[in-house]
Amino acid sequence: MVSIDDIKQKTIPSHIAIIMDGNGRWAKQQGKDRIFGHYQGVESVREAIKTCAEVGVSYLTVYAFSTENWNRDPAEVNALMSLFVDACIKEKDSLYENNICVKAIGDIEMLPTDCQKQLQALIDKTQFNTALTFVIAISYGSRWEISRAARLIAEDVKNNQLDVNDINENTLEKYIQTYQLGIPDPDLLIRTSSEYRISNYLLWQLAYTELYFTKVLWPDFTRENLLKAIDDFQRRTRRFGKTNEQIFNQTK
Ligand code: IPE
Ligand code: IPE
Ligand code: MG
């Protein structure tokens with residue numbers, strides 16, 4: 001078993017991103033409707049927030065609903081939206097009291113009005129909190145985010161606020177939602193449920209993120225599973241294109 005004290009002795013990932021997958025399969029295993037899995041998934045989110053805050057992670061970003069998820073059966077989409085509204089209302093006070101700051105990324109305008117309203121209320125209430133920043137990716141897709149950046153850049157060029165020759169990686173990054181909200185790139189990405197893909201999540205931001213895949217279905221994902229993922233991360237060497245010799249000898 002991985003202890004929290006061991007974890008705290010080593011480098012803590014400053015930003016953990018999670019693809020919370022497997023709710024439907026979990027529910028099916030129990031002989032229940034898919035939405036039951038989503039309800040149970042909220043418990044795992046609560047536990048992940050608590051664990052991240054305890055360990056000293058600064059940012060936790062969870063994939064709650066993708067742009068592609070709009071193509072699911074309308075009954076499931078509606079149930080997910082109302083579950084989201086309920087969670088925003090129910091968790092608001094406890095998130096506030098635990099000093100958690102909530103932010104959201106994604107095409108928020110696509111969400112039903114009550115969803116937008118409750119999400120905004122949660123963001124407003126927790127905006128000055130300073131412990132963990134909890135980022136909800138909802139109606140989020142990287143291709144949408146990057147297209148949005150391209151559109152904003154084009155507008156700035158058209159309005160003579162940006163020179164085409166000045167567009168480079170750093171310029172583009174400034175138009176990416178996470179950057180605009182002050183959220184750094186993830187250090188560790190966790191995907192549950194034995195799926196080995198990114199599913200349009202944080203494509204720009206994951207360029208140098210450590211990837212961790214587990215067979216555990218999201219509703220079964222516990223504090224222990226999260227600590228195990230962090231422990232795995234702490235055993236890796238991040239080279240960012242350099243060699244081990246450069247990293248360990250601190251040479252250029
Ligand atoms: C993840 O669980 C939650 C959302 C995508 C909203 P799924 O609903 O994708 O569950 P599986 O992958 O079908 O088991
Ligand atoms: C990714 O899960 C999106 C979320 C977890 C919200 P999906 O279940 O939608 O991903 P695919 O379709 O299996 O790639
Ligand atoms: Mg899935």
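What is the handedness of the crossing of α4 and α5? In this predicted model, the crossing of α4 and α5 is left-handed. The angle there is roughly 15°, and the two axes come within 9 Å. That angle is under the 35 degrees that counts as roughly parallel, so α4 runs roughly parallel to α5. On the α5 side, which spans residues 113-126, the contact draws on Asp114, Cys115, Gln118, Leu119, Ala121, Leu122, Lys125 and Thr126. Facing them from α4 are Met81, Phe84, Val85, Cys88, Ile89, Lys92, Asp93, Leu95 and Tyr96. Sorted by class, the residues of this contact come to 11 nonpolar, 2 polar and 4 charged.

Cys115 gives a close-up of that packing. This residue sits in helix α5 and, leaving out residues up to four places away in sequence, touches Met81, Phe84 and Val85. Is Cys115 buried or exposed? Its relative accessible area is 1%, under the 20% cut-off, so Cys115 counts as buried. Asp86 is 29 residues away from Cys115 along the chain, yet 9.2 Å separates the two C-alpha atoms.

Helix α4 also packs against α3. Here the axes are 11 Å apart and the angle is about 30°, which means that α3 and α4 are again roughly parallel to each other. The handedness of this crossing is right-handed. From α3, the residues that meet α4 are Arg34, Ile35, His38, Tyr39, Val42, Arg46 and Ile49. Their counterparts in α4 are Glu76, Ala79, Leu80, Leu83, Asp86, Glu91 and Leu95. The class breakdown of the α3 and α4 contact is 8 nonpolar, 1 polar and 5 charged residues. Leu95 turns up on the α4 side of this contact and also on the α4 side of the contact with α5.

Then there is the pairing of α3 with α9, the helix of residues 223-234. Their axes are 9 Å apart, and the helices pack at an angle of about 50°. An angle between 35 and 65 degrees falls outside the parallel and perpendicular ranges, so α3 is oblique to α9. α3 passes α9 in a right-handed crossing. Glu47, Ala48, Thr51, Cys52, Glu54 and Val55 make up the α3 side, while α9 supplies Arg223, Leu226, Leu227 and Ile230. This contact splits into 6 nonpolar, 1 polar and 3 charged residues.

Which residues touch the most other members of the largest nonpolar core? In this core of 45 residues, they are Ile16, Leu60, Phe134 and Ile190. Helix α4, residues 74-97, provides the largest share, with 7 residues. There is also a second, separate core of 13 residues, with Ala17, Ile19, Tyr201 and Leu202 among them. Ile16 has quite a list of partners once its neighbours within four places in sequence are set aside: Cys52, Val57, Tyr59, Leu60, Thr61, Leu188, Ile190, Leu226 and Ile230. Of these partners, Cys52 of α3 and Leu226 and Ile230 of α9 also take part in the contact of α3 with α9.

A couple of backbone spots deserve a look too. Most residues other than glycine have a negative phi. Asn99, however, has a positive phi of about 65° although it is not a glycine. Asn99 is placed in the loop between α4 and β3 (101-105). With a relative accessible area of 26%, Asn99 is partly exposed. Phe240 likewise has a positive phi, near 50°, and is a residue other than glycine. The loop that holds Phe240 runs between α9 and α10 (244-249), and at 48% relative accessibility this residue also counts as partly exposed.

Gly31 rounds things off, in the loop between α2 (23-29) and α3 (34-55). Its relative accessible area is 68%, over the 50% cut-off, so Gly31 is exposed. Gly31 and Arg238 lie 207 residues apart along the chain, with 42 Å between their C-alpha atoms.

Terms used:
Residues are numbered from 1 along each chain as its sequence is written. Chains are lettered from A and ligands numbered from 1 in the order in which they are written. This is a predicted model: local features need pLDDT of at least 70, side-chain atom pairs count only at pLDDT 80 or more; totals for chains, interfaces and linings use all residues. Side-chain values use heavy atoms; hydrogens and water are left out. Helices (H or I, at least four residues) and strands (E, at least two) are DSSP runs, numbered from the N terminus. Buried means under 20% relative accessible area, exposed over 50%, partly exposed in between (1.4 Å probe, protein chains only). A nonpolar core is a set of buried Ala, Val, Leu, Ile, Met, Phe, Trp, Tyr and Cys residues joined through side-chain atoms within 4.5 Å. Contact means heavy atoms within 4.5 Å. Axes are lines fitted to C-alpha atoms, for helices over the stretch in contact, and angles run from 0 to 180 degrees between N-to-C directions. Angles under 35 degrees count as roughly parallel, over 145 as roughly antiparallel, 65 to 115 as roughly perpendicular and the rest as oblique. A crossing is left-handed if the near helix is turned anticlockwise from the far one by less than a right angle, and right-handed if clockwise. Ala, Val, Leu, Ile, Met, Phe, Trp, Tyr, Cys and Pro count as nonpolar, Asp, Glu, Lys and Arg as charged, and the others, Gly among them, as polar.
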